Amino acid sequence: MEKVNILGVNVDKVTNEGATRRICEMLDEPGAHCVYTPNSEIILMAYKDSAFCELLNRADLLTADGIGVVYASRILRNPLSERVAGYDVACRVIEQIASSGHRLYLFGGKPGVAEQAKENLKKQYPLLNIVGTHNGYFKVDEVDEIVDDINSSGADLLFVCLGAPTQEKWIDANKSRLDCKVMMGIGGSLDVFAGTVERAPEKWCKLGLEWLYRLKKEPWRFMRMMALPKFALTVIFRGKRYKKVKKNG
């Protein structure tokens with residue numbers, strides 16, 4: 001699959017439809033597959049942390065969750081066709097597996113969130129096979145128990161919603177012990193499924209202004225949003241040079 005290198009992170013040039021199709025294929029393939037959906041903030045983290053960058057690049061699928069990543073690809077003259085957000089892909093995958101018998105496990109969120117997400121999803125997709133849930137508040141010595149619970153559930157697909165970079169590091173550290181076919185890090189998606197967080201209206205998303213809608217609803221995000229202009233400036237002033245160095249190296 002063709003990729004675009006954005007500050008060292010190799011994002012797959014894939015559409016929402018293509019990402020959904022690829023994940024469904026992974027569910028019927030041998031071995032474990034990791035899917036991450038980095039936005040501008042996560043790519044900036046990876047730019048500053050080479051170990052985290054290498055972790056992201058080990059993914060079997062890396063999609064652009066954020067309009068800023070799409071704009072960055074255009075600056076680098078290797079454009080992504082569209083934003084491929086983790087929540088959107090997760091919704092599409094759920095639609096595809098709702099009656100297929102594939103088994104889904106929900107991991108993350110505050111206590112009660114995963115259970116509420118399960119209840120809401122089952123109302124929408126009565127045949128969806130959700131085989132287990134676990135909240136995202138746990139101690140290090142509880143990880144083995146969580147891994148055992150996921151494996152005993154027989155889950156094919158695992159949604160890990162611990163926030164970045166925790167979720168990606170958790171998946172990478174435990175993928176060899178998990179029997180799942182696909183492990184997806186999809187941030188706050190469980191909160192949206194549970195109804196505890198409101199997703200931006202479609203028109204805001206289409207205009208690439210979901211970040212502004214979230215800031216309007218959650219003003220405390222202001223300091224986190226400062227990563228967006230910093231990311232853009234880093235791509236403009238260092239992105240092309242970084243790409244050239246990598247190519248020559």
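How many bridges join strand β3 to β8? Select residues 33-36 for β3 and 182-185 for β8 to find out: there are four, and the two strands run parallel. Helices (H or I, at least four residues) and strands (E, at least two) are DSSP runs, numbered from the N terminus, and two strands count as paired if DSSP finds at least two bridges between them.

Before going on, note that you are looking at a predicted model, where local features need pLDDT of at least 70, side-chain atom pairs count only at pLDDT 80 or more, and totals for chains, interfaces and linings use all residues. Residues are numbered from 1 along each chain as its sequence is written, and side-chain values use heavy atoms, leaving out hydrogens and water.

**Stop one: strand β8 and its partners**

Stay on β8 and show its side chains. Val182 and Met184 lie on one side, Met183 and Gly185 on the other, and all of them are buried (under 20% relative accessible area; exposed is over 50% and partly exposed in between, with a 1.4 Å probe and protein chains only). In a regular strand the side chains alternate between the two faces of the sheet.

Now pick Val35, which stands opposite Met184 in β8. Next select β7, residues 157-161, which pairs with β8 in the parallel sense, again over four bridges. Leu157 has Val182 as its bridge partner in β8. To follow the chain from β7 to β8, trace helix α8 (residues 166-174); this β-α-β crossover is right-handed, that is, with the strands pointing away from the viewer, the path from the first strand over the helix to the second runs clockwise.

**Stop two: the whole sheet**

Zoom out to see six strands in an open sheet with parallel pairing, ordered β4-β3-β8-β7-β5-β6. At the edges are β4 (61-62) and β6 (129-134), each with a single partner strand, so one side of each has no neighbour in the sheet.

Add helix α5 (residues 86-97), which packs on the sheet and touches β5 (103-108), β7 and β8. The direction of α5 makes about 155° with that of β7; axes are lines fitted to C-alpha atoms, for helices over the stretch in contact, and angles run from 0 to 180 degrees between N-to-C directions. Helix α6 (residues 113-124) also packs on the sheet, touching β5 and β6, with its direction at about 165° to that of β6.

**Stop three: aromatic pairs**

Which rings should you pick next? Try Tyr87 and Phe193: their centres are 5.1 Å apart and their planes at 40°, so the pair is tilted. Rings of Phe, Tyr and Trp (its six-membered ring) pair if their centres lie within 6.5 Å; planes under 30 degrees apart count as stacked, over 60 as edge-to-face and the rest as tilted. Tyr87 sits in helix α5 and Phe193 in helix α9 (residues 189-194), 106 residues apart. Both are buried.

Move on to Phe107 and Trp170, whose ring centres are 4.9 Å apart with planes at 65°, so this pair is edge-to-face. Phe107 belongs to strand β5 and Trp170 to helix α8, 63 residues apart. Phe107 counts as buried at 0% relative accessibility, and Trp170 does at 7%. Finally, add Phe138 to the selection: ring pairs link Phe107, Phe138 and Trp170 into a cluster.

Key:
Contact = heavy atoms within 4.5 Å.
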